[in-house]
Amino acid sequence: MADRTNSLLQTTAIALAFGAISLVASTSSALAGDVRVRGAEMNRFGRIALEFDRAIKVPARASKGVLVVSFGEPTTIRQERLPAEMPDYVATVRHDPDRTGLRVALAGTYRVNVLEAGEKTFIDLLPENWTGLPPGLPPDVVAELARRAREAEAKIRAEDLRRRTEPAKALKASVARLPTLTRIVFESPEIVPVR
């Protein structure tokens, strides 16, 4: 009877969790994120910088003089002036009607290199005769990523230290004896992994 009740409670908890996850997912997909788009003509290549509210995977490809950039979700584009910022690389820009990407008419034929760094994505337009390694992330972006990594590591260390130094919590146990078995039931004050 107790096993059946526990199983029912677990099933109900799992169903509620999936319901909450789907509600959050549907709410977040209905909300449009913001993206700021900037362009720059660098030494021998052009760079489009996209900055989102949160990390988003951004595939980009060039085909027949058109750069196709996809966001994967509806996004509000802020301050996009690529033709004025990159006149040697970009002829015109069209925003997709469903707000999930950009179509960029290129002024020439370029190879595309995509770099992702947290909420920022950099799309480099490299000439076809480019040799050597592609350009890297800007130094300020690398410094910001390193700072975030240090903060995350410090937070993990502090949490680990807190766990090791806090006093042990009481664990209730009850014993049930039956003719064919003895069962020990442990009641934890919080959800913990058990092996």
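Good morning. I begin with helix H3: Arg163 forms a salt bridge with Glu159, and their closest N and O atoms are 3.7 Å apart. The two residues are four positions apart in helix H3, so about one helical turn separates them. Arg163 counts as exposed, at 53% relative accessibility, whereas Glu159 counts as partly exposed, at 29%. A network of salt bridges with shared partners also joins Glu119, Glu144, Arg147, Arg148 and Glu151.

Please keep in mind throughout that this is a predicted model.

A second pair in H3 is Arg157 and Glu153, whose closest N and O atoms lie 3.1 Å apart in a salt bridge. Both belong to helix H3, which covers residues 139–165, and they too are four residues apart, about one turn of the helix. Here Arg157 is exposed, with 51% relative accessibility, and Glu153 is partly exposed, with 45%. Over the whole structure, the search finds 16 salt bridges.

One of these bridges connects loops. The side chains of Arg54 and Glu73 meet at 2.6 Å, N to O. This pair links distant parts of the chain, with Arg54 in the loop between E2 and E3, Glu73 in the loop between E4 and E5, and their positions 19 residues apart. Is Glu73 buried or exposed? Its relative accessible area is 18%, and the cut-off for burial is under 20%, so Glu73 counts as buried. Its partner Arg54 is partly exposed, at 37%. Leaving out residues up to four places away in sequence, Glu73 touches Arg54, Ile56, Arg99 and Thr100.

Let me now turn to the overall architecture. The protein chain contains three helices and 11 strands, in the order α-β-β-β-β-β-α-β-β-β-β-α-β-β along the sequence. Of its 195 residues, 25% count as buried. Among contacts with a separation of 6 or more, 49% are between residues 24 or more positions apart.

Which strand is largely enclosed by the rest of the structure? That is strand E9, residues 120–127, because seven of its eight residues are buried. Strand E2, residues 46–52, runs antiparallel to E9 and is joined to it by six bridges; Gly46 stands opposite Leu125 in E9. Strand E8, residues 110–117, is also antiparallel to E9, with eight bridges between the two, and Arg111 has Leu126 as its bridge partner in E9. E8 and E9 form a hairpin with two residues between them, and Gly118 in the turn has a positive phi of about 65 degrees.

A further link involves Arg61, in strand E3, residues 60–63. Arg61 and Val112 are 51 residues apart in sequence, yet their C-alpha atoms are 6.4 Å apart in space. Beyond neighbours within four places, Arg61 is in contact with Val66, Leu67, Val68 and Val112.

On the surface, the chain exposes about 13800 Å², of which carbon and sulfur atoms supply 58%. Leu171, Val175, Ile184 and Phe186 form a nonpolar surface patch with about 410 Å² of accessible area together. Phe186 lies in strand E11, residues 182–187, and is exposed, with a relative accessible area of 55%.

Finally, a word on confidence. The chain averages a pLDDT of 81, and 84% of the residues score at least 70. Among the elements, E9 has the highest mean, 94, and helix H1, residues 2–30, the lowest, 41. Over residues 1–32 the pLDDT is below 50, and this stretch has seven contacts in the model beyond near neighbours in sequence. Where pLDDT is low, the predicted coordinates should not be read in detail. Thank you.

How values were computed
Residues numbered from 1 in each chain as written. Predicted model: local features only at pLDDT ≥ 70, side-chain atom pairs only at ≥ 80, totals over all residues. Heavy atoms only, no water. Buried < 20%, exposed > 50% of the residue type's maximum accessible area, 1.4 Å probe, protein only. Pairing = 2+ DSSP bridges. pLDDT = per-residue confidence, 0-100. Contact = heavy atoms within 4.5 Å. Areas by Shrake-Rupley, 256 points an atom, 1.4 Å probe, with all protein chains shown as cover. Patch = residues over 30% accessible without salt bridge, like charges linked within 9 Å, V, L, I, M, F, W, Y side chains within 5 Å. Salt bridge = Lys/Arg side-chain N within 4 Å of Asp/Glu carboxyl O.
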